[in-house]
Amino acid sequence: MKAHIVKKAQQMLKQAGLKRTQQRVDILTVLLGAKQPLTAEQIGRKLRRNAPDKVTIYRVLENFLEAGLVHRAYLEDRSWYYESGDRCTQLQCHPHFTCTKCGLTRCMVDSIIPMVKGLGRGFVVHRQQVRLEGLCPGCA
Ligand SMILES: [Zn+2]
Ligand SMILES: [Zn+2]
Ligand SMILES: [Zn+2]
């Protein structure tokens, strides 16, 4: 794992007021280093021998969600895909584009989608998440 990503993970935990346990640092480092959202299982596989058991990974992810460090990007095949929230704004996650041919999902961190309008009275948006489907450049 790259030292500067580990350092960033430690800083994020400190800012969130979470104790910097090895497991938390490891899991957040994996998420910060990932190019796309990951399931708990994929996080475990990336940690190989150092991987905590699945229950622990889920518990740490719950801590991170509550602290706002991590977002659930989307649900696929009954598994949540998690990612670090550092490339999202307060109210909006960056969109995710899934290629229907190769199945790859990408983080569209540079694209701009306006916030939803016209929801009507009484609705309060906490987070806007957009999922796009289509063909990636390699498949189009
Ligand atoms: Zn997000
Ligand atoms: Zn594709
Ligand atoms: Zn993303």
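Over the ring of which residue does the charged end of Arg 72 sit?

## Charges over rings

In this predicted model, the charged end of Arg 72 is placed over the ring of Trp 80, 5.0 Å from its centre. Another arginine, Arg 131, lies over the face of Tyr 74, and here the distance to the ring centre is 3.9 Å.

## The S1–S2 hairpin and its tyrosines

Strand S1 covers residues 70-76 and pairs with S2 in the antiparallel sense, over six bridges. Two residues separate the strands in this hairpin, where Asp 77 takes a positive phi near 45°.

Tyr 74 has Tyr 81 in S2 as its bridge partner. A search of the whole structure finds one aromatic pair. That pair is formed by Tyr 74 and Tyr 81, and it is stacked, with 4.9 Å from centre to centre and 20° between the planes. Both Tyr 74 and Tyr 81 are buried.

## The zinc ion of ligand 1

The zinc ion (ligand 1) has three protein donors named here: His 71 through ND1, Cys 88 through SG and Cys 93 through SG, at 2.1 to 2.2 Å. Along the sequence, these donor residues follow the spacing H-x16-C-x4-C. His 71 and Cys 88 link distant parts of the chain, 17 residues apart: His 71 is in strand S1, while Cys 88 is in the loop between S2 and strand S3 (96-99).

Are His 71 and Cys 88 buried or exposed? His 71 counts as buried because its relative accessibility is 9%. Cys 88 also counts as buried, because its relative accessibility is 16%. The cut-off for buried is under 20%.

## The zinc ion of ligand 3

The zinc ion (ligand 3) is coordinated at 2.0 to 2.8 Å by Glu 83, His 94, His 96 and Cys 107. Glu 83 is listed with OE twice, the histidines each use NE2, and Cys 107 uses SG. The spacing of the donors along the chain is E-x10-H-x1-H-x10-C. His 94 and His 96 are both buried.

## Helix H3

Which residues of helix H3 (residues 40-47) are buried? They are Ala 40, Ile 43, Gly 44 and Leu 47. These residues lie on the same side of H3, because they cover an arc of only 100° around the axis.

The buried residues of H3 pack against three elements: helix H2 (22-33), helix H4 (54-67) and strand S2 (79-84). Just after H3 comes Arg 48, which takes a positive phi of about 45°.

Note on methods:
Residues are numbered from 1 along each chain as its sequence is written. Chains are lettered from A and ligands numbered from 1 in the order in which they are written. This is a predicted model: local features need pLDDT of at least 70, side-chain atom pairs count only at pLDDT 80 or more; totals for chains, interfaces and linings use all residues. Side-chain values use heavy atoms; hydrogens and water are left out. Rings of Phe, Tyr and Trp (its six-membered ring) pair if their centres lie within 6.5 Å; planes under 30 degrees apart count as stacked, over 60 as edge-to-face and the rest as tilted. Buried means under 20% relative accessible area, exposed over 50%, partly exposed in between (1.4 Å probe, protein chains only). A charge sits over a ring if NZ of Lys or CZ of Arg is within 6 Å of the ring centre and within 35 degrees of the ring normal. Donors are N, O and S atoms within 2.8 Å of the metal (3.2 Å for Na, K and Ca); water is not among the atoms, so sites may look incomplete. Helices (H or I, at least four residues) and strands (E, at least two) are DSSP runs, numbered from the N terminus. The arc is that of the directions from the helix axis to the C-beta atoms. Contact means heavy atoms within 4.5 Å. Two strands pair if DSSP finds at least two bridges between them.
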